[in-house]
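Dear colleague,

Please find the structure you asked about below. My notes on it follow.

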Amino acid sequence: MGETIEVTVRVADYRGTPLGGANVAADVTRQPFNIQASTGFGLIDRMGEYDGVYDKTTEPGNYHFKFTVSDPTGQQFLPCYGEAEIEIRPNPTVEACQITLTSDKPEYQVGETIALTAQVTANGKYQCDAVVEGTGPDSHKLNFTGNCPYLAVYPHTDIAGSYTFHVSARDPQQKFRPCSTDLTVTVNQNGNEVKVRVVPETQESTLCRLQDTTAINVDDVTNLSKIELVTTYKPDVLQVIDADPGQRGVQVRAGNGWETAHIIENRVDTRQGRIYFVAELLDGYAINGTTGLMAFDWRSQNEGSSSIILEKVILTDHKGQVIKSMLQHGIAIVKHVQDCRGAGVARLQSRSDHSGIIVTNTTGEQAQTRVDGFFIITPDRILYFEFPGYLSAQVDLSQSEQNEGLDTITLLAGDVNGDNLIDVLDLAYVANTYSSTNSLTDFNADGQVNILDLSLIAGNYGRQTLTAR
């Protein structure tokens with residue numbers, strides 16, 4: 001009861017051709033009372049489809065619609081009619097919701113991020129479409145993401161004390177009444193805990209970016225030998241990029257110092273947005289100081305924000321003792337941009353570090369690529385890509401759609417003299433620097449000009465700059 005009925009009346013001739021310009025009248029009766037309701041409730045002619053709404057549904061019953069169609073000119077078609085029926089049920093009792101608010105730990109240390117989880121139920125069922133809002137101390141707004149559960153992080157734990165959070169839930173469709181709750185957690189002075197943190201803590205991206213990286217690091221640790229991590233994110237905002245396409249499933253990258261460790265578990269649940277990573281160093285080995293534990297690359301899926309929560313962190317030393325840790329969670333924010341054509345990735349053939357490629361547009365504006373090759377620049381018809389020792393490239397943006405991102409651009413090794421052609425002059429230059437540390441002809445950046453570099457230029461012999469579209 002009380003819901004508006006959306007109505008469409010389709011009128012066509014015997015061949016199925018829509019008939020516009022008709023007069024459509026409506027009679028509505030409600031059984032069992034057989035009360036005559038108003039007629040002709042403002043149907044809009046959409047050339048054969050007549051749309052309107054009927055909102056007098058304050059009483060339960062079977063509502064019978066009868067539509068009469070006539071031709072005001074009397075020349076196109078004879079009158080006809082159609083009927084339909086819809087049941088209007090009594091509303092269930094509207095109950096208040098129940099909201100539970102929990103933190104990932106009972107107590108925190110100064111500087112540690114607090115992760116909050118809210119669950120909303122009503123009429124005995126989880127409510128996944130509620131609007132959940134909240135505030136922390138000093139009226140700091142809580143940004144809840146996800147649903148079933150709803151997640152938020154609070155990073156402003158600068159002083160020790162009690163931190164009270166107030167959270168409320170409401171239903172935009174008013175299927176349940178609002179509810180609210182409070183939660184108080186304790187923040188203590190720093191003890192002997194090491195800090196495990198999401199890096200960067202706050203990261204902004206756009207739908208144009210092809211790749212971003214989030215790392216999990218630990219600071220000032222002593223004799224660390226085993227790690228067990230469970231990290232959560234919002235999968236409809238972020239998509240984790242597989243670090244090892246040769247293996248089944250989706251994996252992340254081990255942090256510095258863990259590349260040669262025994263990887264017990266490395267798995268991404270892309271549906272639930274959960275990353276599982278467990279690794280252990282060989283006997284007799286341990287890590288001290290600040291180090292990376294795990295990192296994952298991701299690309300944006302949709303506009304919005306995703307809390308990156310360290311749901312489970314267990315650090316173990318070389319004696320099998322658990323190392324106490326304080327946690328700093330993070331958040332990734334994906335923003336909309338009007339034009340994606342000036343964002344992309346440029347890479348150097350046979351290198352892992354793609355930074356320093358100069359990208360120039362036709363107005364003279366320049367940008368440089370990051371280590372992963374990502375760049376963003378104002379789109380302006382043609383983009384030029386240059387790097388010493390590599391063949392330059394051009395991209396014609398006039399052939400791409402406004403919101404279409406660039407494909408990955410790969411610069412080919414071997415154009416030593418910069419004449420936009422890889423020929424015998426370049427080959428001779430590489431041969432003359434053979435066995436040296438010449439950075440211009442050390443194409444793969446392994447510290448020496450050798451057979452690998454010679455093979456690269458030989459494979460690209462005869463290539464010249466082309467304009468890509």
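**What was found**

In this predicted model, R267 places its charged end over the ring of Y276, at 4.2 Å from the ring's centre. There is another case of this kind: K66 lies over the face of Y81, 4.9 Å from the ring centre.

**Aromatic rings**

The structure has 9 aromatic pairs. One of them is formed by Y390 and F443, which meet edge-to-face with 6.1 Å from centre to centre and 85° between the planes. This pair links distant parts of the chain, as its members are 53 residues apart. Y390 is in the loop between β33 (382-386) and β34 (393-396), and F443 is in the loop between α1 (424-432) and α2. Are these two residues buried or exposed? Y390 has a relative accessibility of 3%, so it counts as buried. F443 is buried too, because its relative accessible area is 0%.

Ring pairs also join Y54, Y63, F65 and F67 into a cluster.

**The loop between α1 and α2**

F443 shares this loop with two further residues worth listing, T433 and A445. T433 has a relative accessible area of 12% and is therefore buried. Which residues does T433 touch, if those up to four places away in sequence are not counted? They are N438, T441 and V449.

A445 is not a glycine, yet its phi is positive, at about 55°. With a relative accessibility of 47%, A445 counts as partly exposed, because that class lies between the 20% limit for buried and the 50% limit for exposed.

**Other backbone features**

N223 also has a positive phi, near 55°, and is likewise a residue other than glycine. N223 belongs to strand β19, which covers residues 212-232. Its relative accessible area is 25%, so N223 is partly exposed.

Where is there a cis peptide bond? It joins V199 and P200, with omega at about -5°. P200 is in the loop between β17 (194-199) and β18 (202-206).

**Strand β35**

I409 is in strand β35, which spans residues 409-411. At 12% relative accessibility, I409 falls under the 20% limit and therefore counts as buried. Which residues is I409 in contact with, leaving aside its neighbours within four places in sequence? The contacts are V345, A346, R347, F385, A393 and V395. For V395, the separation from I409 is 14 residues in sequence and 8.7 Å in space, taken from C-alpha to C-alpha. Two of the elements named earlier come up again here, since F385 has a number within the range of β33 and V395 one within the range of β34.

**A patch on the surface**

V424, L425 and Y461 form a nonpolar patch on the surface. Together they have about 310 Å² of accessible area. Y461 is in the loop between α2 (451-459) and β36 (467-468). Its relative accessibility is 44%, so Y461 counts as partly exposed.

Regards

Methods
Residues are numbered from 1 along each chain as its sequence is written. This is a predicted model: local features need pLDDT of at least 70, side-chain atom pairs count only at pLDDT 80 or more; totals for chains, interfaces and linings use all residues. Side-chain values use heavy atoms; hydrogens and water are left out. Patches are made of residues with over 30% relative accessible area and no salt bridge: like charges are joined within 9 Å, nonpolar side chains (Val, Leu, Ile, Met, Phe, Trp, Tyr) within 5 Å. Accessible areas come from the Shrake-Rupley method with a 1.4 Å probe; for residues, only the protein chains shown count as cover. A salt bridge is a side-chain nitrogen of Lys or Arg within 4 Å of a carboxyl oxygen of Asp or Glu. Helices (H or I, at least four residues) and strands (E, at least two) are DSSP runs, numbered from the N terminus. Buried means under 20% relative accessible area, exposed over 50%, partly exposed in between (1.4 Å probe, protein chains only). Rings of Phe, Tyr and Trp (its six-membered ring) pair if their centres lie within 6.5 Å; planes under 30 degrees apart count as stacked, over 60 as edge-to-face and the rest as tilted. A charge sits over a ring if NZ of Lys or CZ of Arg is within 6 Å of the ring centre and within 35 degrees of the ring normal. Contact means heavy atoms within 4.5 Å.
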